[in-house]
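I opened this notebook to record, entry by entry, what I looked up in the structure. I begin with the ligands and go on to the contacts between parts and to the backbone.

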Amino acid sequence: MNAPAFTDNVQLLNGNHAVAWGVRLAAPDVAPLYPITPQTPILEKLIEFQSQNTFDAELLTPESEHSAMAAAIAASATGARVFTATSSQGLLLMHELLHFAAGARTPIVMFNVNRTPASPWGFWPDQIDSLSQRDTGWIQFYCENPQDSLDTVIQAFRIAETVNLPVMVNHDAFYVSHSVEPVSLPSAETVKDFLPRQPRQIQLGDGSGRSLGAPIDQASWNLTRREMDAGMSLVEDLTAEVGRSWATLTRRTSAPLEQYQTDDAEIVFVTMGSMTGTARIAVDTLRERGVAAGLIKVRLFRPLPAAALRAALMDVPCALVLDRNYSPGTGGVLHQELKSALFGMAGAPRLYGLLTGVGGVNVPAETLEKLAADYSDAAPDNNPIWVE
Amino acid sequence: MEKISYSDEGQFCSGHVACAGCVEALSMRVILNAVGPDTVGVVAPSCSAVILGGHPMSAAKIPVLHGTLESAAASASGIKRALLAQGRDDTTVLCLAGDGGTYDIGLQALSSAAERNEDILYICFDNEGYMNTGGQKSSSTPLNAATGSTPLGKVTRKKNLIEILAAHRIPYIATTSPSHLSDMAAKIEKAKAIRGTKVIIVLIPCLPGWGVADNAAVKTARLGVESGVFPLFEIEDGVRYTMTVDQKNQPIDAYLAEQKRYRHLSDDARNKLQAEVDETWARLTAMVDNCPL
Ligand SMILES: Cc1ncc(C[n+]2csc(CCOP(=O)(O)OP(=O)(O)O)c2C)c(N)n1
Ligand code: SF4
Ligand SMILES: [Mg+2]
């Protein structure tokens, strides 16, 4: 008799514990970790798993996130599967090494909990910490809920190890990191088969005597970025393919972009992270009132799935980009990205960049419903708009 | 004349790009041969990284990760843990860094690795300044030495990194000098056999940085040892101090005379420097004499 296919174990977990479960199942060899609110429960859960002998990575607890990332890079360059986690100040402290990790083609998986950076101090959901790292060469995902975070962190190892680029998976502080929801846990065998150990092409200490990262001439440095570009260009399709094979194992879909009620939509919200759940409720309410609303969740942000976004927004009259972040001097980062993705497209929507929930301000579904009413027939506006 | 006892297994190749006459290259040859082929290295931006040469060539036979300036000890920790995860417990992980990368920007990572007692062998090539960026001061630059950023002489003393490291109670700390290559090889071999964090500080009189003649770096290093400016000793477990070479048989003048960075020194400044050396020497010999067995 075949065992029933989908016998996942469902547990009540908050987003961070869902991540820790995903990491435990992915079984990295090395995990350098440094605490920071609201990431710390990931660290604590992994250390708890280790004390129970259910997680046997080499755990390093260095003095800073900077050293955690330095150790992660070096361990990954030596062929190990590596995980680390951080948030806000910690991620920003790593900045130099984020470029380094991508340039060194180390397939590290890092979980970042999106939190406002100081000054002033705050602990609130806001995505500018990771969005401001968008040029470092890391693949970036934004998750909506604990299940999404668990599924994505597991998939991230496969994506990273296929293209030899590091992956940063993000979820919002508290709204996801500390919210408890039922989470379906795949079996250890499922994940083991899904994440086969691949021999690394170049590995420090592999007997070849090859050094890594030594000074290089201009043309060769240039070539490294072309090679990264080639790697990045595979990621959108790879994400879709990895999502499909995950779906055959778990019946849960995950794609670079996720669309909800967009087929006949006249007005579409574009979101990342936890705002997606709120927007889904707003779409349902608007539909009940006869407004043809829809939703696009950008799950893969780097590389930006630009062609898919163009296809999804083709001939949609109006799109509202909901940015829970603010880049001073320009506005919302997703808004900028969409403007460039849609530039010159015939049939592009009127695009509004709405700064919603910057600094963790609560954005109820009613606010989004009101925005839909306010902007469905408004004059075009290229500038960022602060939403009360 | 001392006979040098170390065997060259070809671990450091010709074609490196050190300044002609540089004793850091000489030291690297001894260190790489003493540490042997079953080694993975990390190098911080510094003369040692430059000496190893540009991609795809390398003067080192061992593989080396060219890391960031402040992370040598953290990177080495990561390599060690990855090797442990692969069951390669016996491979040596070697750090090569300058004094800037050790006393200054990398001290935080080094202190943390030492506190965790990571199983790494950390070499600091101490040329008492930032030579890679053209010769500015570091916190290892001694009192009164002129550098690009202290043109009138540094007004504060050299940081006593060794005592800071000793306070971490790591299993092994030593100083060595290219004037005493057998001592250098012996200390590397001893350190290699110990599990835990080992730090060896190598005195490197830098030709352009110190204003030393092309053929005078070894001599300058020897004078540094014999004047007690750079005593050769080791500390086990942070408490057991041992002098490893007979030394301090002369005042600092011959040492200073080899170097243009002290050319401007007044008698008063020279006397202050001598007093500091004498005081440090007395403190060190007291540590040796009072050391627990
Ligand atoms: C974060 C960072 N800041 C500055 C530099 C520039 N830099 C490269 S080497 C160096 C000085 C290194 O001095 P030291 O460690 O003493 O090595 P030396 O060149 O003297 O051998 C500096 C400041 C850098 N690489 N990284
Ligand atoms: S600058 Fe000084 S330490 Fe560096 S290679 Fe030249 S002589 Fe050696
Ligand atoms: Mg130096």
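**Entry on ligand 2.** I looked up the surroundings of ligand 2 and listed B:C19, B:C22, B:E24, B:C47, B:N127, B:C206, B:L207 and B:P208 around it. Sorting this shell by class, I noted six nonpolar residues, one polar residue and one charged residue. I keep in mind throughout that the model is predicted, and I treat each distance below as a value computed from that model.

**Entry on ligand 1.** I then turned to ligand 1, which is surrounded by 17 residues, the closest being B:C47, B:G100, B:G101, B:G129 and B:N132. Which chains contribute to the surroundings of ligand 1? Residues from both chains A and B surround the ligand, so I recorded the site as shared between chains. B:C47 had already appeared in my list for ligand 2, and it returns here among the closest residues to ligand 1.

For the polar groups I looked at individual atom pairs. An oxygen atom of ligand 1 is 3.0 Å from an N or O atom in the side chain of B:D99, and an oxygen atom of the ligand is likewise 3.0 Å from an N or O atom in the side chain of B:N127. B:N127 is also listed in the shell of ligand 2. With B:N132 the partner is a polar backbone atom, at 2.7 Å from an oxygen atom of ligand 1.

**Entry on the contact between chains A and B.** Since the site of ligand 1 is shared between chains, I next looked up how the two chains meet. The contact takes 32 residues from chain A and 32 residues from chain B, and it buries an area of about 2,400 Å², of which carbon and sulfur atoms give 62%. I found 11 residue pairs in polar contact between the chains, with both residues at pLDDT 80 or more.

How many salt bridges are there between chain A and chain B? The count is one, and I identified a salt bridge of B:R81 with A:E58, in which the closest N and O atoms are 3.2 Å apart. On the side of chain A that touches chain B, β3 (58-60), α3 (65-77) and α5 (95-103) of chain A each supply at least two residues. The largest share of that side, six residues, comes from α3(A). By class, I recorded 16 nonpolar, 11 polar and five charged residues on the side of chain A that touches chain B.

**Entry on the two domains of chain A.** I noted that chain A is divided into domain 1 (10-250) and domain 2 (257-386), and that the centres of the two domains, taken over C-alpha atoms, are separated by 27 Å. In the contact, 26 residues of domain 1 meet 30 residues of domain 2. The area buried between these domains is about 2,300 Å², with 51% given by carbon and sulfur atoms.

Five salt bridges cross the interface of the two domains of chain A, and I also looked up the salt bridge in which the side chains of A:K297 and A:D148 meet at 2.8 Å, N to O. For polar contacts between the domains, the count is 18 residue pairs, both residues being at pLDDT 80 or more. On the side of domain 1 that touches domain 2, the elements giving two or more residues are α6 (128-131), β6 (139-142), α7 (146-163) and α10 (235-250) of chain A. The largest share of that side, four residues, comes from β6(A), and the class count for the side is 13 nonpolar, six polar and seven charged residues.

**Entry on salt bridges overall.** Over all chains I recorded 35 salt bridges. I looked up the one that A:R81 forms with A:E161, where the closest N and O atoms are 2.8 Å apart. This pair links distant parts of the chain, with A:R81 in the loop between α3 and β4 (83-87) of chain A and A:E161 in helix α7 of chain A, 80 residues apart.

**Entry on the backbone.** Which peptide bonds did I note as cis? I noted the bond from A:S119 to A:P120, with omega near -5°, and the bond from B:H55 to B:P56, with omega near 5°. A:P120 lies in the loop between β5 (109-114) and α6 of chain A, while B:P56 is in the loop between α2 (47-52) and β2 (64-66) of chain B.

I closed with A:F174, which has a positive phi of about 60° although it is not a glycine. A:F174 lies in the loop between β7 (167-172) and β8 (180-185) of chain A.

Technical notes:
Residues are numbered from 1 along each chain as its sequence is written. Chains are lettered from A and ligands numbered from 1 in the order in which they are written. This is a predicted model: local features need pLDDT of at least 70, side-chain atom pairs count only at pLDDT 80 or more; totals for chains, interfaces and linings use all residues. Side-chain values use heavy atoms; hydrogens and water are left out. Domain bounds come from an automatic or database domain assignment. Contact means heavy atoms within 4.5 Å. Buried area is the accessible area (1.4 Å probe) that two parts lose on being put together, summed over both. A salt bridge is a side-chain nitrogen of Lys or Arg within 4 Å of a carboxyl oxygen of Asp or Glu. A polar contact is a pair of N or O atoms within 3.5 Å; within protein, one must be able to donate a hydrogen and the other to accept it, and residues adjacent in sequence count only if both atoms are side-chain atoms. Ala, Val, Leu, Ile, Met, Phe, Trp, Tyr, Cys and Pro count as nonpolar, Asp, Glu, Lys and Arg as charged, and the others, Gly among them, as polar. A residue is near a molecule or strand if one of its heavy atoms lies within 4 Å of it.
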